[in-house]
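Let's take a friendly walk through this structure, starting with some annotated positions and ending with a pair of helices. Have your viewer ready.

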Amino acid sequence: MSQTAKTRVLTGINTTGTPHLGNYVGAIKPAIEASQDSNVQSFYFLADYHSLIKCQDPKRVQQSRLEIAATWLALGLDTDNAIFYRQSDIQEIPELMWMLSCVCAKGLMNRAHAYKAAVAENEEAENQDPDKGITMGLFGYPVLMAADILMFNANKVPVGRDQIQHIEMARDIAGRFNHLYKGQHFTLPEAVVDDKVQLLNGLDGRKMSKSYDNTIPLFVSEKKLQKLVRKIKTNSLEPGEPKDPDTCTLYQIYSAFATAEETASLREQYANGIGWGAAKDQVFEYLNAHLSAPREHYNALMEDPAHIEAVLQKGAERAREEAAVTMDRLRAAVGLGRFV
Ligand code: TRP
């Protein structure tokens, strides 16, 4: 295989919620840039099996997958370079998950943050059953994630801080499997957390997050975008009074998109007492100018699901070519190979 020499970077994209400026700056943009590096083979996939843990509304699951795929394509993901696929198209993944489940200590899963948080919530609510409402999907989630990663022998897994534990669990499970079945069946993956990547604040000044309902979605209409930018929380300083850019969400959002010179210029305008209304107009104009082309592309893609389907099928084909070979090898390793 010609690809084996390249570093493999793999990450899963959650298919819940509507992508917002914070997702773009924190995850999508760096991933798309990284995928252009020809020394790297990147694997990006829609983690849609994962989405069933939180959402049992088929229409929402379906719509969200389409929107997220369209978003990545509209923002310029190069799908010739990166292998871009839907997790649920790779049926070898749940098969691998089962094999991994059979070597994964239950106690390891007891320590997973998401599970522990759910138990803590039950205890706080004084529910008799600490596992109330917790499915096997939520409990086993880190094993599914391990299967995603180990299937393609990823070296590096770019993730947010909250996911580091899951990568460590994937390493643990891989190590255990390698030990039990005496061989280097899996590469041990490493989490990559980029400290340079910016975390954006939202409309109310807290971290931009769908759980705070303070986001600016990437592809809202021009009008809606303007409305949202106007809602960004500022303070009561009047025009003419100098303003502090470093504690200002509006400035922070601008600087995540603008060049260093453009950002320096806004900084100067803050010092010179630009009014909030004028500053907001400027930020809106800037964002709108930069988002209007991908927004159009996005809208066109959403009208053409057959195109998106074809792109994902192509990605799945590339991914499965390898997954099928890997699973044959693993089946043989655990004693589930063919008789002849
Ligand atoms: N759980 C990850 C998140 O919430 C998404 C994900 C699923 C993932 N499978 C993965 C990330 C494999 C990296 C590798 O962000």
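A word on the annotations before we begin: UniProt positions are given in the numbering used here, and such annotations may be inferred rather than shown by experiment. Keep in mind, too, that this is a predicted model.

With that settled, look at what the record says. An unreviewed UniProt entry lists a "binding site" that includes Gly 22, Asn 23, Gly 160, Arg 161 and Asp 162, along with Leu 200 and the run Lys 207, Met 208, Ser 209, Lys 210 and Ser 211. Let's visit two of these positions.

Asn 23 sits in helix H1, which spans residues 21–34. Its relative accessibility is 30%, and because partly exposed covers the range between 20% and 50%, Asn 23 falls in that class. The side chain of Asn 23 comes to 3.0 Å from the backbone nitrogen of His 20. Leaving aside residues up to four places away in sequence, Asn 23 touches Thr 18 and Ile 28.

Ser 211 lies in the loop that runs between strand S5 (190–192) and helix H9 (222–231). With a relative accessible area of 65%, Ser 211 is exposed. Its side chain makes a polar contact of 2.7 Å with the side chain of Ser 209, and Ser 209 is also on the UniProt list.

Now turn to the helix pair. How are H10 and H12 oriented to each other? Helix H10 (residues 249–257) packs against helix H12 (residues 276–302) at an angle of about 25°, their axes 10 Å apart, so the two are roughly parallel. The crossing is left-handed. Where they meet, H10 contributes Leu 250, Ile 253, Tyr 254 and Phe 257, while the H12 side includes Trp 276, Ala 279, Val 283, Tyr 286 and Leu 287.

How values were computed
Residues numbered from 1 in each chain as written. Predicted model: local features only at pLDDT ≥ 70, side-chain atom pairs only at ≥ 80, totals over all residues. Heavy atoms only, no water. Helix = DSSP H or I, 4+ residues; strand = E, 2+ residues; numbered from the N terminus. Buried < 20%, exposed > 50% of the residue type's maximum accessible area, 1.4 Å probe, protein only. Contact = heavy atoms within 4.5 Å. Polar contact = N/O pair within 3.5 Å; in protein donor to acceptor, adjacent residues only side chain to side chain. Axes fitted to C-alpha atoms, helices over the stretch in contact; angles between N-to-C directions. Parallel < 35°, antiparallel > 145°, perpendicular 65-115°, else oblique. Left-handed = near helix turned anticlockwise from the far one by under 90°.
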